[in-house]
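Work through these exercises with the structure open beside you. Try each task before you read its solution.

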Amino acid sequence: MAGNPKARRGHSKENRSDCPLVTLGLVLDGSGFVRRSAVFAGNVGEGQTLAQEYRRHGTALQVTHPYLAETLEGLARSYEANGRREDDQAGLRREHY
């Protein structure tokens, strides 16, 4: 990963502080095979990344699949709301509430 502009140091679920992080996104078909993949910036909340991707796909499908686009927009808003709630809770924990 050396030299990857998306790699960032941050909190690792595996407690690895020696490696920069990236997020790998996969879209699977009904049989579990990878249909699409993408590498996203590391040390960014997964919810934020998902919200951006849902919104991007929803915008692209707005004309051909309006109901799906509306569903994806709803998912994006939900992930953003959850992220704000988690940020608020983390702030309260830092202030010992």
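Thr23 touches Ala38, Val39, Phe40, Ala41 and Gly42, leaving out residues up to four places away in sequence. Keep in mind that this is a predicted model.

**Exercise 1. Place Thr23**

Task: Find which element holds Thr23, name its bridge partner in strand 2, and decide whether Thr23 is buried or exposed.

Solution:
- Step 1. Locate the residue. Thr23 lies in strand 1.
- Step 2. Look across to strand 2. There the bridge partner of Thr23 is Phe40. Phe40 is also among the residues that Thr23 touches.
- Step 3. Check the accessibility. Thr23 has 18% relative accessibility. Buried means under 20%. Thr23 therefore counts as buried.

**Exercise 2. Describe the hairpin**

Task: State how strand 1 and strand 2 run, and how many bridges join them. Then find the residue with a positive phi in their hairpin.

Solution:
- Step 1. Mark the strands. Strand 1 covers residues 22-28 and strand 2 covers residues 34-41.
- Step 2. Compare their directions. The two strands run antiparallel. They are joined by 7 bridges.
- Step 3. Pick out another bridge. Leu28 has Val34 as its bridge partner in strand 2.
- Step 4. Go to the turn. The hairpin has 5 residues between the strands. Gly32 takes a positive phi there, near 90 degrees.

**Exercise 3. Follow Lys6**

Task: Say where Lys6 sits and which residues Lys6 contacts beyond its neighbours within four places in sequence.

Solution:
- Step 1. Place the residue. Lys6 is in the segment before strand 1.
- Step 2. Compare sequence and space. Lys6 and Val22 are 16 residues apart in sequence. Their C-alpha atoms are 6.3 Å apart.
- Step 3. List the contacts. Neighbours within four places aside, Lys6 is in contact with Leu21, Val22, Val39, Phe40, Ala41 and Gly42.
- Step 4. Check the accessibility. The relative accessible area of Lys6 is 38%, so Lys6 is partly exposed.

**Exercise 4. Examine Thr49**

Task: Find the helix that holds Thr49 and decide whether Thr49 is buried or exposed.

Solution:
- Step 1. Locate the residue. Thr49 lies in helix 1, residues 46-61.
- Step 2. Read the accessibility. Thr49 has 7% relative accessibility, so Thr49 counts as buried.
- Step 3. Look at the contacts. Leaving out residues up to four places away in sequence, Thr49 touches Phe40 and Val44.

**Exercise 5. Link the helices**

Task: How many aromatic pairs does the structure hold? Explain why the pair ties together separate parts of the sequence.

Solution:
- Step 1. Count. There is 1 aromatic pair.
- Step 2. Name the rings. Tyr54 and Tyr79 form the pair, 5.8 Å centre to centre. Their planes are 35 degrees apart, and the pair is tilted.
- Step 3. Place the partners. Tyr54 is in helix 1 and Tyr79 is in helix 2, residues 66-94. The pair therefore ties together parts that are 25 residues apart in sequence.
- Step 4. Check both residues. Tyr54 is partly exposed at 23% relative accessibility. Tyr79 is partly exposed at 29%.
- Step 5. Add a distance. His57 is in helix 1. His57 and Leu72 are 15 residues apart in sequence and 7.4 Å apart in space, C-alpha to C-alpha. His57 has 30% relative accessibility and counts as partly exposed.

**Exercise 6. Map two pockets**

Task: Find which residues lie closest to the centre of the largest pocket and which element gives the most to its lining. Then treat the second largest pocket likewise.

Solution:
- Step 1. Take the largest pocket. Its volume is about 970 Å³. Of its 31 lining residues, Thr23, Leu24, Gly25, Phe40 and Thr49 are closest to the centre.
- Step 2. Trace the lining. Strand 1, strand 2, helix 1 and helix 2 each supply at least two residues. Helix 1 gives the most, with 8 residues.
- Step 3. Sort the lining. It divides into 15 nonpolar, 10 polar and 6 charged residues.
- Step 4. Turn to the second largest pocket. Its volume is about 340 Å³. It is lined by 14 residues, with Gly45, Gly47, Gln48, Gly83 and Glu86 nearest its centre.
- Step 5. Trace and sort again. In the second largest pocket, helix 2 gives the most to the lining, with 7 residues. That lining divides into 3 nonpolar, 6 polar and 5 charged residues.

Key:
Residues numbered from 1 in each chain as written. Predicted model: local features only at pLDDT ≥ 70, side-chain atom pairs only at ≥ 80, totals over all residues. Heavy atoms only, no water. Pairing = 2+ DSSP bridges. Helix = DSSP H or I, 4+ residues; strand = E, 2+ residues; numbered from the N terminus. Buried < 20%, exposed > 50% of the residue type's maximum accessible area, 1.4 Å probe, protein only. Contact = heavy atoms within 4.5 Å. Phe/Tyr/Trp six-rings, centres within 6.5 Å; stacked < 30°, edge-to-face > 60°. 1 Å grid on protein atoms, 1.4 Å probe; cavity = no way out; pocket = protein on both sides within 12 Å on 5 of 7 lines; lining within 4 Å. Points joined across faces, edges and corners; volume = space filled by probe spheres on them. Nonpolar A, V, L, I, M, F, W, Y, C, P; charged D, E, K, R; others polar.
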